[in-house]
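Here is a colleague's note on the model shown below. Please keep the structure open while reading.

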Amino acid sequence: MPYPYVLLSAAVSLDGYLDDTGKDRLLLSSPADFDRVDEVRASVDAILIGAGTIRADNPRLLVNSPDRRAARRAEGRPEYPLKVTVTASGDLDPDANFWHTGDKKLVYTTDGGAARARTAVRDTADVVPLGPELDWHRLLADLHARGVRRLMVEGGGTIHTQLLQRGLADELQLVLAPLFVGDPKAPRLFGPGTYEPGRLTLVDTRQIEDVVLMTYRPAVTPADHHWLSLACDLAALCPPSETAFSVGAVVVAADGTEIARGHSREGDDTVVHAEEAALAKLDPADPRLAGATVYSSLEPCARRASRPAPCARLILDAGVRRVVTAWIEPDTFVQDADGNGLLRDAGVEVLLLDEYEGRAKAPNGHLL
Ligand SMILES: NC(=O)c1ccc[n+]([C@@H]2O[C@H](COP(=O)([O-])OP(=O)(O)OC[C@H]3O[C@@H](n4cnc5c(N)ncnc54)[C@H](OP(=O)(O)O)[C@@H]3O)[C@@H](O)[C@H]2O)c1
């Protein structure tokens, strides 16, 4: 089931708080950073916040720049992104700014919260119950079915914590503000619980006036699962061979869009490899290649007889810096092929998701 690209956005104090306990919202970002947030809002299809943030901050959650709204209209998009909230209780203030500004609004809730939520929001928003408990997978699938491809999540902490702990976040944009809150009753960005193991990848840092924006990507994102699964599906399309593996590959740009796909022995080329077929569809000067990820059901080859350049070399020459694969190449045709090692030695980030190994092997059973 495809999900939107999920971008978590938050600003925190140096001691990790999202707000203080005062009546008014604590301003953590700087003016230029608020403008950057406006730019990110203008780029997405939907913005989600928890009902707690509506109650605490009464935000409008708009794209404030007229130029950015005009640009959205010119692209045939609604002037404002869809506004989304989640509530279990249905305890929503009918007079909150959220309902009376911007474009369409959507409330995801539980079966138990639906009646109260509908009474509160009346005809200002659609209310969607998602079962006895709110299921984030169903929520994201439903948003995707409504055409949402990029979702910005603007808090609060309970929402960010759940999405990160469930491995459903693709990106975290975190702004560190140079002040302390120091009140243990204030809301924190991330709560206790079990997070995906390992370190996040620091993708970018930027100073904006006196705050610092850090962009992180979890080691494995929901998109990685989606695209590697698709690569395994493509492997099943390959014309069978007794002398080569059946492999599928997809090239995906940094913004989460597919830019090419291929599979072994595609078209009239009886020896072409999946990664080679996919990369051949792209202009070598395509600027998206530098930020792209290659998903391949099998580790890219390090040596091959049928063509001068193995796929690991083609990936390096294309300038791709990230590869996700399902299955280490067995010694069937080449002894000790180590395409992943070759890529890693050249500084490429290589991720092996071996839970897909069975699916990657399936069309190759006769060779193993
Ligand atoms: N600095 C920043 O970047 C930033 C950004 C946003 C918010 N904030 C601050 O964060 C604070 C609010 O954060 P918060 O953690 O208290 O609230 P929150 O995350 O905005 O909302 C929590 C509420 O969302 C609903 N909810 C969450 N998970 C749910 C689930 N699985 N199923 C159904 N409903 C669910 C519940 O609503 P019900 O109670 O209605 O059931 C819950 O009480 C405020 O102080 C705000 O100023 C700061």
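The numbered points below cover the basis of the model, the domains, the sheets, the ligand shell and some backbone details.

1. Basis. This is a predicted model; local features need pLDDT of at least 70, side-chain atom pairs count only at pLDDT 80 or more, and totals for chains, interfaces and linings use all residues. Residue numbers start from 1 along each chain as its sequence is written.

2. Domains. The chain splits into domain 1 (5-217) and domain 2 (222-367). These bounds come from an automatic or database domain assignment. Taken over C-alpha atoms, the two domain centres are 36 Å apart.

3. The nine-stranded sheet. Nine strands make an open sheet with mixed pairing, in the order β5-β4-β3-β2-β6-β1-β7-β9-β8. Its edges are β5 (126-129) and β8 (201-208); each has a single partner strand, so one side of each lacks a neighbour in the sheet. From one strand to the next, the twist averages 20 degrees. For the terms: strands (E, at least two residues) and helices (H or I, at least four) are DSSP runs numbered from the N terminus. Two strands pair if DSSP finds at least two bridges between them. Angles run from 0 to 180 degrees between N-to-C directions, with axes as lines fitted to C-alpha atoms, for helices over the stretch in contact.

4. One pairing in that sheet. β1 and β6 (residues 150-153) run parallel and share four bridges. Leu-8 sits opposite Val-153 of β6.

5. Ligand shell. There are 27 residues around the ligand, and Gly-50, Gly-52, Leu-134, Gly-155 and Gly-156 come nearest. Near here puts the C-beta atom, placed from the backbone, within 6 Å of the molecule or strand. At least two shell residues come from each of β1 (5-13), β2 (46-50), α2 (51-57), β3 (82-87) and α7 (157-165). Helix α2 gives the most, with five residues. By class, the shell has twelve nonpolar, ten polar and five charged residues. Ala, Val, Leu, Ile, Met, Phe, Trp, Tyr, Cys and Pro count as nonpolar; Asp, Glu, Lys and Arg are charged; the others, Gly among them, are polar.

6. A cis bond to check. Which bond joins Gly-155 and Gly-156? A cis peptide bond does, with omega about -5 degrees. Gly-156 lies in the loop between β6 and α7. Both glycines are also among the residues that come nearest the ligand. Most peptide bonds are trans, and most residues other than glycine have a negative phi.

7. Positive phi outside glycine. Asn-58 has phi near 50 degrees. Its place is the loop between α2 and α3 (66-74). Asn-58 is partly exposed, with 13 other C-beta atoms within 10 Å. Arg-265 has phi near 55 degrees and is found in the loop between β11 and α9 (274-280). Arg-265 is buried, with 20 other C-beta atoms within 10 Å. The cut-offs: buried needs 20 or more other C-beta atoms within 10 Å of the residue's own, exposed 12 or fewer, and partly exposed falls in between; C-beta atoms are placed from the backbone.

8. The five-stranded sheet. An open sheet of five strands follows the order β11-β10-β12-β13-β14, again with mixed pairing. β11 and β14 (349-352) are the edge strands, pairing on one side only. The twist averages 15 degrees from one strand to the next.

9. Around β10. β10 (residues 248-252) and β11 (residues 258-263) are antiparallel, with five bridges. Val-251 has Ala-260 of β11 as its bridge partner. Their hairpin has five residues between the strands, and Gly-256 takes a positive phi near 90 degrees there. β10 also runs antiparallel to β12 (residues 293-296), with four bridges. Val-252 is the bridge partner of Thr-293 in β12.

10. Helix α8. How far apart are the end C-alpha atoms of α8 (residues 222-235)? They are 20 Å apart, which agrees with the 20 Å expected for 14 residues at 1.5 Å a residue. That expected span is 1.5 Å times one less than the number of residues. Buried residues in α8 include Trp-227, Leu-228, Ala-231 and Cys-232. Ser-229 also belongs to α8, but Ser-229 is partly exposed, with 17 other C-beta atoms within 10 Å. The C-alpha atoms of Ser-229 and Tyr-295 are 9.0 Å apart, with their positions 66 residues apart along the chain.
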